[in-house]
Amino acid sequence: MAEPEAKAADVPAEGGEPKISKRQADKDAKKAAAKAKKEASKAAAPPPKPVSNEPVDPFRQGWLKGVYNEKPVKEVHTRFPPEPNGYLHIGHAKAITVNFGFAKSYGGVCNLRFDDTNPAKEEERYFKSIKEMVAWLGFEPHKITHSSDDFDRLYDLAEELTRRGKAYVCHCTGEEINRGRGGKEHGPRSVCSHWSRSANDNIEALRAMRDGNFKAGEALLRMKQFLAVKPEEYAAADDDSADVKKEKIRLKSLAENPALWDCAAYRIKSENYHHRTGLKWRIYPTYEYTHCLSDTFEGISHSLCTTEFETLRPAYNWLLEALDFKTPSSEEKGPMQREYGRLNVEGTILSKRRIAMLVGGATVGGTSEPVEDVADELDAVTLEEDGDTQPAVPASEVKPNGSSKERQIPPVVRDWDDPRLFTLVAIRRRGVPPGALKKFVLDQGVTKANSNTMTHNLDSSVRTYLERTVPRLMLVLDPIKVVFENLPDDFLEERDVPFDPKDPAKGTHKIPLSKTIYIDRDDFREIDDPDFFRLAPGKSVGLLYAEHPVRCVSLTKDDNTGLVTEIKAEYGSYLPAGKARIHWVGESAAHNSPVRAEARIFNPLFKSTKPNELDWKNGGYYDDVNSDSEVIFPNAMLESGFREIKDRAPWPKEEGEAQGTADVSSVRFQGLRTAYFCMDRDSTEGKVVLNRIVSLKEDAGKK
């Protein structure tokens with residue numbers, strides 16, 4: 001085909017440049033202008049910020065950053081103030097991490113303070129455990145203090161508060177106190193006849209309490225807060241000025257807060273022996289009175305607690321202001337209380353009272369038990385950080401439940417550290433690394449909102465943490481003996497295998513392959529299935545870390561149980577490779593292999609995902625206990641590399657465990673194709689006991 005003729009406009013003049021059409025010239029000009037604009041914009045743009053490899057400090061973000069900005073002091077000082085009347089639980093892991101982490105982030109310090117003002121419920125084992133859990137999580141207190149350190153000073157201030165006319169000794173019964181506070185419906189409120197007693201008379205009565213002239217329940221010191229304020233005092237009027245309106249709104253907020261209805265400051269305890277002060281005191285201060293004053297004595301700058309204490313913040317400030325430790329409506333002087341959301345893990349039981357029922361058993365169905373004394377009725381608005389969302393029933397309201405038939409409920413778990421529980425001692429025994437627990441807490445975030453999550457989210461977080469931090473071993477839970485008929489009796493081959501194929505730093509170890517090995521019962525089927533890729537009669541399969549496949553030749557069964565007890569097999573290069581590789585443990589006296597073990601597999605303790613909603617009063621919770629919450633494999637076998645793993649623990653060497661707080665639970669490993677495990681304290685010289693930490697992701701669908 002002939003080439004088309006060129007257009008006249010495109011034909012260059014002899015010896016000159018080719019001519020361009022006007023349309024083409026306009027297009028070229030627009031392109032050039034756009035390019036110039038783009039280059040100018042690029043030149044004017046600020047240089048890109050360098051990407052920082054520094055990890056983000058969670059305590060300098062969001063809500064916590066705002067808390068610091070409210071009170072940006074040079075020396076941040078916080079405290080973690082548990083009551084030593086029980087074991088800490090997973091919610092306390094957040095409280096510990098927030099208080100210690102916040103202080104450290106801002107160059108400050110954190111105290112561990114025991115709120116030991118209730119001698120009847122405090123035990124030495126709780127003090128010891130709390131110290132251990134703080135250290136295990138990797139925190140070192142600036143000081144370890146006790147509220148009881150300041151009992152003398154606290155009492156002197158109680159007299160001073162009374163002298164100033166801001167406290168009075170009340171002799172009302174529990175029923176009278178509740179009626180004066182408006183009853184259950186918070187109706188009209190009124191003060192009692194003791195409210196208007198003179199300061200001198202109140203001091204005399206307080207000293208009589210101190211000296212043992214009254215029995216428990218006959219007298220208590222109450223703070224003169226806002227119970228006496230009448231609604232008409234803060235009712236809005238048409239002619240109110242802006243300042244008056246503001247003051248009335250403030251007064252209304254205070255007067256309608258139950259935390260300010262003349263709560264108790266001191267009460268008489270019938271069981272008054274204190275582990276640190278002996279029998280010196282017959283009266284003990286309440287939480288509402290003690291907490292803010294202890295914060296002041298210790299120089300706490302930021303008093304961080306969970307949101308259920310937000311309603312108590314006005315009472316916290318009121319007492320400090322009443323004793324001149326704080327300037328009204330200001331955070332410049334004294335400690336500043338701020339509240340963050342609690343960590344709630346659905347499916348867990350955190351109540352000390354309920355865990356005690358699980359540990360020790362319970363008698364239910366009889367008459368309800370009253371609270372200890374009348375002062376506890378005034379403390380009904382106080383919610384402790386112990387996970388018990390069921391407040392005590394006031395003594396004046398206790399009535400028989402209509403049934404005299406009692407039911408004896410047996411214990412459900414071994415102890416407070418049973419791995420099915422969510423106390424910190426139980427979580428530790430289950431093998432959860434402290435670093436994994438801290439990361440889980442911080443991943444939930446620290447804000448005003450409660451952090452509500454599920455147990456499977458905790459497991460997922462722990463699993464991810466363990467993936468690259470612990471070694472791998474072969475563990476057979478339910479062993480079947482496999483004898484290779486085509487190998488000589490003295491056959492022994494050492495295989496050099498890594499503790500972690502993706503991390504050479506963990507090292508390698510040797511395992512024996514001999515005439516006799518053990519495989520997991522779950523990896524064998526007596527009747528083959530096309531979708532089953534492991535060992536079956538006449539079928540071959542690969543062995544992890546072994547050079548050749550194996551094939552089942554015959555089997556032996558137990559006459560009584562019908563279970564396969566032994567498999568005769570062959571091993572060699574001539575066998576088909578098979579579609580899978582299974583784990584195993586070799587028998588070798590020279591290698592002291594296998595290591596005998598008992599493996600405990602833990603599942604949810606209750607069938608219900610909301611066990612707190614079960615019937616705990618009448619024992620209905622026991623009917624919901626999951627019978628498979630603990631599955632035990634008594635004859636499990638471990639490869640001999642376990643001994644080196646045990647000697648090199650903790651795994652990983654992080655947090656408090658790197659500083660010497662590690663126990664046997666720090667012996668952690670991934671059982672290949674099985675789960676993550678740790679060593680349990682029930683282990684003996686002759687038998688290792690293992691606890692499953694979490695399952696592997698591929699558990700549900702392995703073939």
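This dialogue walks through a sheet and several salt bridges in a predicted model.

User: How should I read the sheet, and in which order do its 4 strands stand?

Analyst: Strands of a sheet pair through backbone hydrogen bonds, in either a parallel or an antiparallel sense. In this predicted model, 4 strands form an open sheet with antiparallel pairing, and their order is S4-S5-S6-S7. Strand S4 (167-170) and strand S7 (283-285) stand at the edges with a single partner strand each, so one side of each lacks a neighbour in the sheet. Neighbouring strands are turned by 20° against each other on average, direction ignored.

User: Which residue is the bridge partner of Ile268 in S7, and what lies across S5, S6 and S7?

Analyst: Strand S6 (residues 264-268) and S7 pair over 3 bridges in the antiparallel sense, and Ile268 has Ile283 as its bridge partner in S7. Helix H9 (residues 287-297) lies across strand S5 (220-223), S6 and S7, and runs at about 55° to S7.

User: What does the salt bridge between Arg79 and Asp295 tie together?

Analyst: A salt bridge here requires a side-chain nitrogen of Lys or Arg within 4 Å of a carboxyl oxygen of Asp or Glu, and the side chains of Arg79 and Asp295 meet at 3.3 Å, N to O. Arg79 lies in strand S1 (residues 77-80) and Asp295 in helix H9, so the pair ties together parts 216 residues apart in sequence. Both Arg79 and Asp295 are buried.

User: Are Asp503 and Lys506 buried or partly exposed?

Analyst: Asp503 forms a salt bridge with Lys506, with the closest N and O atoms 2.8 Å apart. Asp503 counts as partly exposed at 23% relative accessibility, whereas Lys506, at 5%, counts as buried.

Terms used:
Residues numbered from 1 in each chain as written. Predicted model: local features only at pLDDT ≥ 70, side-chain atom pairs only at ≥ 80, totals over all residues. Heavy atoms only, no water. Pairing = 2+ DSSP bridges. Helix = DSSP H or I, 4+ residues; strand = E, 2+ residues; numbered from the N terminus. Axes fitted to C-alpha atoms, helices over the stretch in contact; angles between N-to-C directions. Contact = heavy atoms within 4.5 Å. Buried < 20%, exposed > 50% of the residue type's maximum accessible area, 1.4 Å probe, protein only.
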